Amino acid sequence: MRFALLSIVNLRDVPFISLLIYQTDERGISNLIGEISKPYDDVIDLLHDLYSFEISELQTDSQELYRELMSAHYPVIYRREVEGTREQITRNEEMLVELFELDKQDEQPMPVIPMWRLWCINKLEKIIQMLKTKGIKLDDN
């Protein structure tokens, strides 16, 4: 039997699913067989993943996911806290930020300076340079 633990964790304001998949052997011992972390889009993609990995039971700490999965008639159990899922995101944070380019979303393009401003800046810089080299001559009255 396969079961999974699922959480939604915000990483740099992007929701990620953290899915830990366990396989139970004939002696009743559960072993971790997979860890999945990816951006969360919608419940349809999540259901596709759950069916693809042949997960027969799911435990989640997200009330929103619990309601959506129950309405889709997927076997899900709500728990206040699911162990290990948040730690997985924290442990792999640097890799996930780089892989999904979360830092690049914060970067804003440099503003384009109009040509007339560049022309004015150029002329003012020439005037400043001229004043520095020649100096200002004042009439001593």
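Which residues are buried in helix α1 (residues 43–52)? Keep that question in mind while reading these notes on a predicted model; the answer comes in point 3.

1. **The parts list.** Let's start with the overall plan. The protein chain contains 5 helices and 5 strands. Walking along the sequence, you meet them in the order β-β-β-α-β-α-β-α-α-α. The pattern thus opens with three strands and closes with three helices.

2. **The overall outline.** For 141 residues, a compact globule would have a radius of gyration near 14 Å, but this protein chain has 29 Å. The box filled by its C-alpha atoms tells you about the outline too: along the principal axes it is roughly 105 × 30 × 25 Å. Try turning the model until the 105 Å direction lies across your screen.

3. **Helix α1, the buried side.** Now back to the opening question. The buried residues in α1 are V43, L46, L47, D49 and L50. They lie on the same side of the helix, because they cover an arc of only 160° around its axis. Notice that the list includes an aspartate, D49, alongside V43 and the leucines.

4. **Helix α1, the other side and the cover.** Look across to the other side of α1 and you find I44, H48 and Y51 exposed. What lies over the buried residues? The cover includes the strands β1 (2–11), β2 (14–24), β3 (30–39) and β4 (57–60), together with helix α2 (63–71). Just after α1 comes E54, which has a positive phi of about 55°.

5. **A buried threonine.** Strand β4, one of the elements covering α1, is where you will find T60. With a relative accessible area of 0%, T60 counts as buried, because the cut-off is under 20%. Which residues does T60 touch, apart from its neighbours within four places in sequence? They are L6, L65, Y66, V76, I77, Y78, R79 and V82. Of these, L6 belongs to the range of β1, and L65 and Y66 to that of α2.

6. **Two loop residues with positive phi.** D13 sits in the loop between β1 and β2, and its phi is near 65°, a positive value in a residue other than glycine. H73 is in the loop between α2 and β5 (76–78); it is not a glycine either, yet its phi is positive, at about 60°. Are these residues buried or exposed? D13 is exposed, with a relative accessible area of 76%, and H73 is exposed as well, at 71%.

7. **A link across the sequence.** D13 is worth a second look. Along the chain, 89 residues separate D13 and L102, while their C-alpha atoms are 9.1 Å apart. For the chain as a whole, consider the contacts with a separation of 6 or more: 47% of them join residues 24 or more positions apart.

8. **Surface and charge.** Finally, some totals. Buried residues make up 30% of the 141 residues. The protein chain exposes about 10600 Å², and carbon and sulfur atoms supply 54% of that area. There are 16 positive and 26 negative charges, and the mean positions of the two groups lie 12 Å apart.

How values were computed. Residues numbered from 1 in each chain as written. Predicted model: local features only at pLDDT ≥ 70, side-chain atom pairs only at ≥ 80, totals over all residues. Heavy atoms only, no water. Helix = DSSP H or I, 4+ residues; strand = E, 2+ residues; numbered from the N terminus. Rg over C-alpha atoms; globule rule 2.2 N^0.38 Å. Buried < 20%, exposed > 50% of the residue type's maximum accessible area, 1.4 Å probe, protein only. Contact = heavy atoms within 4.5 Å. Areas by Shrake-Rupley, 256 points an atom, 1.4 Å probe, with all protein chains shown as cover. Lys, Arg positive; Asp, Glu negative; His and termini not counted. Charge placed at Lys NZ, Arg CZ, Asp CG, Glu CD. Arc of directions from axis to C-beta.
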